[in-house]
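This report introduces the structure shown below to a reader meeting it for the first time. It covers the nonpolar cores, one helix and one sheet.

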Amino acid sequence: LNMFQLERCTLIPPSDFVRQKTLNKSIHCRGIGLHSGARINMTLHPAAPGTGIVFRRTDQSDVEILASWRNVVDSTLCTTLGNRGGVTVATVEHLMASFAGLEVDNAVVELDGPEVPVMDGSAAPFVFLIECAGLVEQPVPLRVVKVMKPVSVGGEGGSAMLVPDDEFRLSFAIDFASGAINRQELSVAIDAGSFKHDISRARTFGFLDEVDRMRAAGLARGGSLDNAVVISGDRILNQEGLRYGDEFVRHKMLDALGDLYLAGGPILGHFHGMRSGHAMNRRLVEALFADATAWCMTAVPAAIWDDAPQRARA
């Protein structure tokens, strides 16, 4: 840790810091990989303070991969982590968003396959699992990544930016030619309540005319109307329709939240995304850490952490 960065931000006694959290107990689920189509068992375990989020491939001699932006090896339609030995874990973003949204700082994720199960295409099943397991506070201060000055990346019709703020807020805008989507934009201050009610139920989505191309590329082999919103022209093919009127932009926010949590902890700042995807989100985190004056690690007073969402909703 850069001690200069720590000194710039640490202003309060350790006893008043927000503390790290982990799961109260282990919990298991089983599902299909969105891209691999594999049947995968997943177990979420508690972890010691300072562990972060670690993925463990039990089918690969218990190989462990830290959930870090440095370990992103592919961003094609999902975020894939990997190690130098070529072992990977794909589609981590929905689970990572759930950990971020519900404030889980330390956990070990055991998988017996190459991908996090897609479940229903949203983060809601993971929210259910985490709430069933429960959370416990740990006797170590939480470190957050405080954005000190604006950082941005862009290209190919999109952009992403982080700017200083006294809370964590996501703002996102998308624009599709399909009449089922059109232009959608939303801004949400993220806490456990807003994540669960406003973001977590938004499902991944795709276009019917792209399915054959994706499957030929080895992607979307487990995709179906049970785990994705599918669009054909200006029509939504799912019989139940949408969960939110603007479900598409909410899911893009969910993806961004999961990608940003690869920073190694919560971000204290405001994310602005315009047609940003996994690769651009990763580039933004890389750009943030490339500038030592743009960020610092800090502990946060419990009173400020607890009050920020209320101020945002006022």
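## Nonpolar cores

In this predicted model, the largest nonpolar core holds 74 residues, of which Met42, Leu44, Phe55 and Phe99 touch the most other members. Helix 6 (residues 247-260) supplies the largest share of this core, with seven residues. A second, separate core consists of five residues, among them Leu142, Val144, Leu268 and Val300.

Leaving aside residues up to four places away in sequence, phenylalanine 55 touches Val63, Glu64, Ile65, Ala67, Leu81, Val89, Val92, Leu95, Met96, Val109, Leu111 and Val116.

## Helix 7

Helix 7 (residues 278-290) comprises 13 residues. From its first C-alpha to its last, helix 7 reaches 18 Å, close to the 18 Å expected at 1.5 Å a residue. The buried residues of helix 7 are His278, Met280, Asn281, Leu284, Val285, Leu288 and Phe289.

## A three-stranded sheet

Three strands form an open sheet in the order 16-17-18, and their pairing is mixed. Strand 16 (205-207) and strand 18 (235-236) lie at the edges with a single partner strand each, so one side of each has no neighbour in the sheet.

Strand 17 (residues 229-232) pairs with strand 18 in the antiparallel sense, over two bridges. Within this part of the sheet, serine 232 stands opposite arginine 235 of strand 18. Helix 6 packs on the sheet and touches strand 16, strand 17 and strand 18. The direction of helix 6 makes about 130° with that of strand 17.

Conventions: Residues numbered from 1 in each chain as written. Predicted model: local features only at pLDDT ≥ 70, side-chain atom pairs only at ≥ 80, totals over all residues. Heavy atoms only, no water. Core = buried A, V, L, I, M, F, W, Y, C linked by side-chain atoms within 4.5 Å. Buried < 20%, exposed > 50% of the residue type's maximum accessible area, 1.4 Å probe, protein only. Helix = DSSP H or I, 4+ residues; strand = E, 2+ residues; numbered from the N terminus. Contact = heavy atoms within 4.5 Å. Expected span 1.5 Å × (residues − 1). Pairing = 2+ DSSP bridges. Axes fitted to C-alpha atoms, helices over the stretch in contact; angles between N-to-C directions.
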